[in-house]
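Here are some exercises to work through with the model open beside you. Try each task before you read the solution under it.

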Amino acid sequence: MSGAAVPVESPLRRFCAQFAESRLALVGLAMLVAVVLVALLAPVISPQNPYDLGKLDLMDARLPPGEPAAGGGMTYLLGTDGQGRDMLSAIFYGLRVSLYVGVASGVIALTLGAVLGVLAAYVGGRFEAVLMRIVDIQLGFPAILVALILLAVLGKGVDKIIIALVAVQWAYYARTARSAALVERNKEYIEAARGLKLSPVRIVLRHLLPNALPPLIVVGTVQVAHAIALEATLSFLGLGLPTTEPSLGLLIANGYEYLLSGKYWISVYPGVALLLTILSINLVGDQLRDVLNPRLAR
Amino acid sequence: MTLLVVDDLQTEFATRDGVLRAVQGVSFALARGQVLGLVGESGSGKSVTGFSILGLIDPPGRISGGSVKFDGQELVGQPENTLRRLRGKRIAMIFQDPMMTLNPVLSIETQMVETVLAHERVGRVVARERAIESLGRVGIAEPAARLPQYPHQFSGGMRQRVAIAIALLNRPDLVIADEPTTALDVTVQGQILYEMQKLVREAGSALIWITHDLAVIAGLADRVAVMYAGRIVEEGPVAAVLDAPRHPYTRGLLDSVPANNVAADGTQARRLRQIPGMTPSLLKLAPGCAFRERCDRADAACAQMPDLRAAGGRSVRCVHPLAEQIA
Amino acid sequence: MTVFILRRLMQTLLVLAATSLLVFFGLYVIGDPVEILVNPVADEVEKARARAALGLDKPIIEQYWVFLKGAVTGELGTSFVFGRPAMEVILERMPATLELAFLAMVMAVALGVPLGLYAGLRPNSWPAKTIMAASIVGFSLPTFWVGLLLILVFAVQLGWLPSTGRGPTQEVLGLQISILHWEGLKYALLPALNLALFKLSLIIRLTRAQVREQSLLDYIKFARAKGLPRHRVIGVHLLKNILIPLITVIGLELGSVIAFAVVTETIFAWPGMGKLVIDSIFQLDRPVVVAYLMMIVFMFILINLVVDLAYSALDPRVRLAEHR
């Protein structure tokens, strides 16, 4: 219902208000903030530096949660792993790595993919055809295998795995961006804009890109969470990250062998941390998507 | 015989900012074959009135009061299935934007045949024949060839004709047209208007034409009801209301039509007269007459919502109605 | 239409050629397979002999040329590890992976679409909210971790289902299928469930999002105004509009499921292509890896083609626009 006397609310405020409508999303946001804080502050808040081999005591290996250290001084709240590392600390550090890799690769892939996709939709012609064929080819490869082969060739390292993850994700963004932009391109007002000789950059930036943005953000949150999970999977399979900087995936892999003998905490707790991270991103992303969706007539 | 009697209809929507009362006590009656023009600007509640008659108000909206009697049968509060049987069969509706109202992924044939089959147990062949015939009546050339096509293959005007064809398929007693020509270009508008008039007369259907455009009503309707902020402020035979409006708002509407803005000697007057101010928010309505803020005749007496007072076949909701003929 | 298909076939060949190039040379960079396959204490003569036997002593270009010639006839090299044609090894394991993927996908769609529809049509009911909450969790669970948990709970703790391996197979149309009878099916349930969980959540969310979006559109209101029964409004009008984006996703996801089987097969020791290829990568059994990738790419392109065709069959705006 229209009316002029409605108080003017800044878009940001309205966005925050709408976002806050879902308690679940707020919980997710709180979790996400906690996760990010933990990741950033890991060196500060960890009871132990799990990578300082000097500090580890093999006598403390495979202790169940809640056991005190043999030499006194600390209690292993979540138990220890096969080398006597405090699980809690290992998880904090692992979170750091997992988060960093997932976000970095997601951002790079989104930028790359979105630009290419929207351009393809606008420019059309051979450029679009060629790019979409490349996207098809890229998407014709299962993500995990592309990453697998790439990492087999590139070797281990944080930067290598980021490269692999970007290579795996960009095409998905490109395709989404192009589809969304294509729907807009075919609408009559773009023809009108073109007829008016509006600069292509303007058309792309003001019309095509904003319409591509909501689906891209939706894809983006999904993809970042997915990237984190993919990295964990690859680490589990033994590729990508070196053992000196284990992510949560590697921690789970390390604990695999102990699972059937009942020492569940080495695999299960890192898994819980991983789950919470991914879950919080998804909760936030879900609500973001609902709020940003122009077609839900808010 | 009175086909439709709307009595004190009230529809409201629960929004985040409060209860929005879109329709506040609307009453009117419609006889068979009569054409009523429901006029008002956006937000006046005219479209919601139309939807309310059909029972198409979904949560968070609801009909909170009043009655709608169609051919003697009360519609408010009826179960969905009863209403469904009436819709498309005895009461049909035409929407504003034909691109959005026709399902883009289904053929016209599908969308027309299903309308017939939803109400009558005839074979597909018969339904198809009816569809072709209906398309022909609304002026679509080669209807049989165009039947299997899809909405996007029709131009805007054609699409609206298809929508009209669908509405008239089952020979409804009442057609509610919600701004059907607003989204079309002017030349097409005229055609559609003319054809609707003809068709409705042929079929003997009553018509409620919802619009913001007074000019459209002039040639088409028998009676007109002007809505403002959820209420009817003036109602009467079209010629009478348009020649001698009683409510200041109606006067304002007429004045702001460029064609009316001619001086006595026939030349165009200088400035187009506007109604000052803006439509009030339906969420924050002050008590009293809703038009107060914008009316140059308002005074203390207007602090109370006036009733709709009938006199000589017309009614007006104003304590200071315009009385004389204005040149 | 035929032009379209022909063009697609040409592209398929191009892609396959490009794939083979990339993989062949990519794997060449990693290392010398002989080092892995031959006894480490073997002397140079032995190694040289092994290399010659495998054709690895020839220059890489020649190796690739030999490969290409064979590829045309369907002969994609001989596995270093198995000593048999690589294609044969792959095809042997393919039914196992495909039946797992198929089962998983069926589970995901059969459960996902109805649940998503319900959640979309009655978004404020508590079952809907539960479904959505569960779907987010399902979506966030790392597959391999869930696999571990599934084994822990259902196999170790409860002992209801076997934890590893594939069940007995029957011959169906020349292929060895295990899931058509309970004996075989019970082995496939856990891994298929593992694979399906993620996709199920995805489909639920997607369906619900589409339902919410589409239900607000005018054509739904118009359909109701015509007096169409509810089941037709939802089942025909709404569903058809939802299916279009859904089909694209399902197609993509099917391919992804086949590939992701790599992880599930590893955890559940399911003898499919996935496990084979991981081992082959680590063992540098190049012919097998190449053959696998070619196979996968071919399948993916096929799936993509089917999805595109389905898309244009379903959406008249796309189909008829192509002819403009």
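Two residues are in contact if their C-beta atoms, placed from the backbone, lie within 7 Å. Helices (H or I, at least four residues) and strands (E, at least two) are DSSP runs, numbered from the N terminus. The model is predicted, so local features need pLDDT of at least 70 and side-chain atom pairs count only at pLDDT 80 or more, while totals for chains, interfaces and linings use all residues. Residues are numbered from 1 along each chain as its sequence is written, and chains are lettered from A and ligands numbered from 1 in the order in which they are written.

**Exercise 1. Find what the buried residues of helix 9 of chain C pack against.**

Step 1: Settle the term. A residue is buried if 20 or more other C-beta atoms lie within 10 Å of its own, exposed if 12 or fewer, and partly exposed in between, again with C-beta atoms placed from the backbone.

Step 2: Apply it to helix 9 of chain C, residues 218-225, where 6 of 8 residues are buried. They are C:Tyr219, C:Lys221, C:Phe222, C:Ala223, C:Arg224 and C:Ala225.

Step 3: Look for their partners. In chain B these are helix 1 (46-54), strand 6 and helix 3 (98-101), and helix 10 of chain C joins them.

Step 4: Check what comes after the helix: C:Gly227 follows, with a positive phi near 85°.

**Exercise 2. Explain why helix 11 of chain C is largely enclosed by the rest of the structure.**

Step 1: Count. Because 8 of its 11 residues are buried, helix 11 of chain C is largely enclosed.

Step 2: Name them: C:Met273, C:Gly274, C:Lys275, C:Leu276, C:Val277, C:Ile278, C:Ser280 and C:Ile281.

Step 3: Move just past the helix, where C:Leu284 takes a positive phi of about 55°.

**Exercise 3. Describe the side of chain C that touches chain A.**

Step 1: Get the totals: 38 residues of chain C are in contact with 37 residues of chain A.

Step 2: List the elements of chain C that each supply at least two residues to this side: helix 1 (2-30), helix 6 (126-140), helix 7 (143-157), helix 8 (182-215), helix 10 (230-268), helix 11 (273-283) and helix 12 (286-314).

Step 3: Sort by class. Ala, Val, Leu, Ile, Met, Phe, Trp, Tyr, Cys and Pro count as nonpolar, Asp, Glu, Lys and Arg as charged, and the others, Gly among them, as polar. The side of chain C that touches chain A then has 29 nonpolar, 7 polar and 2 charged residues.

**Exercise 4. Trace the neighbours of strand 7 of chain B.**

Step 1: Begin with burial. Strand 7 spans residues 174-178 of chain B, and 5 of its 5 residues are buried. B:Leu174, B:Ile176 and B:Asp178 point one way, whereas B:Val175 and B:Ala177 point the other way.

Step 2: Find the pairings (two strands pair if DSSP finds at least two bridges between them). Strand 6 (residues 91-94) of chain B runs parallel to strand 7 and is joined to it by 4 bridges; B:Ile94 has B:Ala177 as its bridge partner. Strand 8 (residues 206-211) of chain B also pairs with strand 7 in the parallel sense, over 5 bridges, and here B:Leu174 stands opposite B:Ala206.

**Exercise 5. Work out the strand order of the antiparallel open sheet in chain B.**

Step 1: Read off the order of its 4 strands: 2-1-4-5.

Step 2: Identify the edges. Strand 2 (18-31) and strand 5 (73-74) of chain B each pair on one side only.

Step 3: Inspect one pairing: strand 4 (residues 61-70) and strand 5 of chain B are antiparallel over 2 bridges, with B:Lys69 opposite B:Glu74.

**Exercise 6. Place A:Trp265 within chain A.**

Step 1: Survey the chain. Chain A has 10 helices and 2 strands, and 47% of its 298 residues count as buried.

Step 2: Locate the residue: A:Trp265 lies in helix 10 (residues 265-292) of chain A.

Step 3: Is A:Trp265 buried or exposed? It counts as buried because it has 22 C-beta neighbours inside 10 Å.

Step 4: List the contacts, leaving aside neighbours within four places in sequence: A:Pro64, A:Pro65, A:Leu78, A:Gly79 and A:Met87.
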